[in-house]
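Q: Could you zoom in on one part of this model and go through it closely? After that, I'd like to see how it ties in with the rest of the chain.

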Amino acid sequence: MSETEQELARDLGFLEAYTIGLGTMIGAGIFVLPSIAAQQAGPASMISFFAGGLVSLLAALSLSELATGMPKAGGSYYYVNRALGPFFGSIVGWGMWAGLTFASAFYMIGFGQYLLPGLGQYVGFLAGWGQVGITIAALVMAALLTGVNYYGVKETGALQNVIVLSLVGLILAFLGLGLFSGPTIGEFNPNGWPAVAATIGTVYVSFIGFEVIATSAEEIKNPSRNLPLAMIAAVVTPTLMYVGVMFVSTGTLSIEALSASQIPVADVATEFMGTIGALVMIIGAVLATVSSANASILSAARVNFAMGRDRILVNWLNEVHSRFRTPYRAITVTGVITLVLIAVGVGIGTLAEVASFMYLVTYALVHVAVVVLRRANPEAYDPSFKIPSLLYPIVPILGFVACLVILVQMSLIVQAIGSVIVVFGVIWYLFYARDRALSESLVGEAIAPEPAPVANGEGRYRVVVPVANPETERDLLRMAAASAHAHESDHAEVIAVNVIEVPRQTSLSQDLTFEEERVERQRELLDSARDIATELDIGLRTRAIVGRNAGSVILDVIEEESADHVLLGWQGTRSRREHVLGSTIDPVIGRAPCDATLVKLGLEDGRGEGDIMVLAGEGPHAPVAAQRAAEFVAAADEASLTLLNVQSPESDSDEGLSPTERGEAVISELAERAGIEYMSYDAKVSVAENTEQAIIEAAQDYDTVCVGATRAGTISQAVFGSLPEKIGAELAQTVVMARGEEESPMSIREALMRRLEV
């Protein structure tokens, strides 16, 4: 199943998204935590809830911008992974997943407390079960909710709507009657302000609901509107409720009585709502804890799904159920771990605090991600909601500092458990994800941001061709001209560039004075380029440049010219040391913000002509390779086009297709994606165990082979990917490697060097 087929359907509206978030926050904050918070900070715990709400509102603003800019499943994990790279992505992904599973276990134990000691006062057979009964009830409900999420999101959203709307009515009634009864607050802050600050960390688990909304971003209708509205509303609404409930609770019961209660809200309600009111609140608490755990299990599974999609986790998790369209394996794993946490008897307070710890770490990095993405400004980041200019960068900076302050106030045992999870994320990245993860950090781009190229309004399609060798100049210009001719309606032109490199010890003007031979050779080369362009009937401009580094100069030309395509020659040798394809080629191919084509010229006959073969695959750059081949065919007098796909002999297709049928389907789809379905081409499918060898053997029958990049950016020691580069190095024929318009982020080292040069 291809990656595109595994996207989740958008079937959650504003109400579903809002209630998923609100349900999580109401469940923990209002029904379970008042006794724990009161014990730690007394009536001043309402300040802890209010401060937690403010910190969450800052995070919600940052998340709203990120989520509307990149509405993908995974929430904070996805944004941090995209902005800061897979190192921090692994930390946040594992942290979010752990935090949500700890939170789910916390809610389920709260469910058990309200079900047995709570309802046990009214239903005989539920009484007297003790802690063992609470654990069993929590396990049963956790297993049931795992099944609900396994079955489908629509059912989940419907369940949330019913539960949460009922809870809002109950809480409003509780607050109205409680305030009318005249609660009296005793000593407001008996344990001091440090206790109030520490309590923020304890109760912060109540405020992770809006993150649940972000993790479901890929399933929300009209995310540009519904995401920020749902997240901000899901923070403001319960924050006001938390403060009100703590005011009523600490003003109705003594701190000692409230701290000792397993069902605090029900015991408070007994004082002014009577037995019936207490029973109603117990039922509400049972529904609330179910709602909280339900939303958290759903969200945790989405994080797992997103990590699997980015190859930070094993791809086995990246499987969507053929019938229910849910990431059923991720849901199952999440449910199992939640059951384990419940079964081993982790304390309810510890579960809450660990969940809080992991989300405070996550939100601290989310604020950093906003700043990085704003400064790096990648093409794919276009938020429809932005933090208002008056509040930026105040919001992310203040939010980051607030998260750190709360973290250092938490207990040592919680800090230790949280640190273990963080270290696990680091180790996982180092030993598993580093060589597999798809994304790269944009921190370098943020340190030294590049201005976005401004179109000059001339409507030209520009192909930049660096020329350096008179023996290959004609063929490179002819292939560039073929690309330009394919865009004649855009007033296309070719820009031939030659760079004289000068060491840093020599000034550029000094070199021009004393290197007359090199300057003359450059002039002759560009004069020849103009003659060739005349023969090819293509508009051409030349640029003769003297600089320190040819790769950097070419990149500057591409930016200045707002180029659409850069075409370079390659000798066909690879290195596994400092550079992969060459000191000039690597930076240009890795960083050029346009189509990039690398040509290794083969035998003198048939360079970009004759029989041309395209490796037809499902990768994102395969259509670009097919387009290059089509351009060459269109410009040649006599040329044929063949699309080759290699399939494994194992028939594992969900549709029951044979390997040959699968290959034909891939070829047909590629032709459509490349826009060449109108052309005459031969479709060839090879069935072989060794894909690489089969391609190399098949290529022997063709004059030119075109292949698309198999990976994005200069990750590890690959520019195009190991397969295209090996084909280019091993074949004697002309090999064309192509990638589409996809800019690879600069490294932090490159960014610092560029910043120092300014």
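A: Let's start with Pro-393, which lies in the loop between H14 and H15. Helices here are DSSP runs (H or I, at least four residues), strands are E runs of at least two, and both are numbered from the N terminus. Before going on, some ground rules: this is a predicted model, where local features need pLDDT of at least 70, side-chain atom pairs count only at pLDDT 80 or more, and totals for chains, interfaces and linings use all residues; pLDDT is the predictor's confidence in each residue, from 0 to 100. Residues are numbered from 1 along each chain as its sequence is written, and side-chain values use heavy atoms, with hydrogens and water left out.

Back to the loop. Tyr-392 and Pro-393 are joined by a cis peptide bond, with omega at about 10°. The loop between H14 and H15 also holds Asn-377, a residue other than glycine whose phi is positive, near 50°. As general background, most residues other than glycine have a negative phi, and most peptide bonds are trans. Asn-377 has a relative accessible area of 47%, so it counts as partly exposed (buried means under 20%, exposed over 50%, partly exposed in between, with a 1.4 Å probe and protein chains only).

A similar backbone oddity turns up at Ser-562, with a positive phi of about 50° although it is not a glycine. Ser-562 sits in the loop between helix H21 (550–560) and strand S4 (565–569), and is partly exposed at a relative accessible area of 22%.

Now for the helices on either side of our loop. The largest nonpolar core has 144 residues, of which Phe-31, Phe-174 and Tyr-363 touch the most other members. Helix H14 (residues 348–376) supplies the largest share of this core, 19 residues. A nonpolar core is a set of buried Ala, Val, Leu, Ile, Met, Phe, Trp, Tyr and Cys residues joined through side-chain atoms within 4.5 Å. Beyond its neighbours within four places in sequence, Phe-31 is in contact (heavy atoms within 4.5 Å) with ten listed partners, including Tyr-114, Leu-167, Pro-264 and Met-281. There's also a second, separate core of 46 residues, and Ile-532, Ile-538, Leu-540 and Met-679 are among them.

On the other side, helix H15 (residues 394–409) has the highest confidence in the chain, at a mean of 95, whereas helix H19 (residues 508–514) has the lowest, at 49. Over residues 505–511 the pLDDT is below 50, and this stretch has twelve contacts in the model beyond near neighbours in sequence. Across the chain the mean pLDDT is 82, with 85% of residues reaching 70 or more.

Cys-403 is buried, with a relative accessible area of 1%, and Cys-594 is buried at 1% as well. The disulfide count comes to zero, taking a disulfide as a pair of cysteine sulfur atoms within 2.5 Å.

Gln-113, in helix H5 (residues 86–118), is buried at 11%. Leaving aside neighbours within four places in sequence, Gln-113 is in contact with Gly-118, Ile-134, Gln-262, Ile-263 and Ile-348.

Zooming out, the chain has 27 helices and ten strands, and 56% of its 758 residues count as buried. Of the contacts with a separation of 6 or more, 82% come from residues 24 or more positions apart.
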